[in-house]
Amino acid sequence: MKVQQNNEASRFETSIHGVTAFIEYIEKPGAVLLLTHTCVPRQIAGRGVGTKLVVETLELIRQLEFKIVPLCPFIVAYLKKTNDFQDIIAPKLH
């Protein structure tokens, strides 16, 4: 699965069999991305696509040297299961 950043739509996305799954974000000053929503359409759901999308997106964000604020419940739940991405979680915004 290859995830790409779509700056115009403010999201990270991948296509599987012509169906697009994505994670929406809001960019904040200081190279911080608020990850607000994950969408995996029904046609490709139930195959681990959401988890793979999250992992690939977080790895790409790390490469881009951004920090994240996870607001999407799916991403929050994933991050509670692993310590792999603690280095890119931004301190709490006030």
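This report describes the sheet, one helix and a few residues of a predicted model.

## Sheet

The sheet is open and built from 5 strands, in the order 1-2-3-4-5, with mixed pairing. Its edges are strand 1 (4-6) and strand 5; each has a single partner strand, so one side of each has no neighbour in the sheet. With direction ignored, neighbouring strands are turned against each other by 35° on average.

Within this sheet, strand 3 (residues 19-28) and strand 4 (residues 32-39) run antiparallel and are joined by 7 bridges. One residue pair can be named here: Tyr25 has Leu35 of strand 4 as its bridge partner.

## Helix 2 and the loop before it

Helix 2 lies across strand 3, strand 4 and strand 5. Relative to strand 5, helix 2 runs at about 110°. Strand 5 covers residues 67-70, and the loop between strand 5 and helix 2 contains Leu71.

Which residues does Leu71 contact, leaving aside its neighbours within four places in sequence? They are Leu34, Leu35, Thr36 and Val76. Leu35 in this list is also the bridge partner of Tyr25. A further relation concerns His37: Leu71 and His37 are 34 residues apart in sequence, while their C-alpha atoms are 7.5 Å apart in space.

## Cysteines

How many disulfides does a search of the whole structure find? The search finds 0. Cys39 is accordingly in no disulfide, and the nearest cysteine sulfur to its own belongs to Cys72, 10 Å away. Seen from Cys72, the closest cysteine sulfur is that of Cys39; the separation of 10 Å is too far for a bond, because a disulfide requires the two sulfur atoms to be within 2.5 Å.

The accessibility of each cysteine can also be stated. Cys39 has 22% relative accessibility and therefore counts as partly exposed. Cys72 has a relative accessible area of 4% and is buried. The cut-off that matters for both is 20%, since buried means under 20% relative accessible area.

## After helix 2

Thr82 is placed in the segment that follows helix 2 (73-80). Is Thr82 buried or exposed? Its relative accessibility is 12%, so Thr82 counts as buried.

The side chain of Thr82 also has a partner on the backbone: it reaches the backbone nitrogen of Asp84 at 3.0 Å.

Terms used:
Residues are numbered from 1 along each chain as its sequence is written. This is a predicted model: local features need pLDDT of at least 70, side-chain atom pairs count only at pLDDT 80 or more; totals for chains, interfaces and linings use all residues. Side-chain values use heavy atoms; hydrogens and water are left out. Helices (H or I, at least four residues) and strands (E, at least two) are DSSP runs, numbered from the N terminus. Buried means under 20% relative accessible area, exposed over 50%, partly exposed in between (1.4 Å probe, protein chains only). A polar contact is a pair of N or O atoms within 3.5 Å; within protein, one must be able to donate a hydrogen and the other to accept it, and residues adjacent in sequence count only if both atoms are side-chain atoms. Contact means heavy atoms within 4.5 Å. Two strands pair if DSSP finds at least two bridges between them. Axes are lines fitted to C-alpha atoms, for helices over the stretch in contact, and angles run from 0 to 180 degrees between N-to-C directions.
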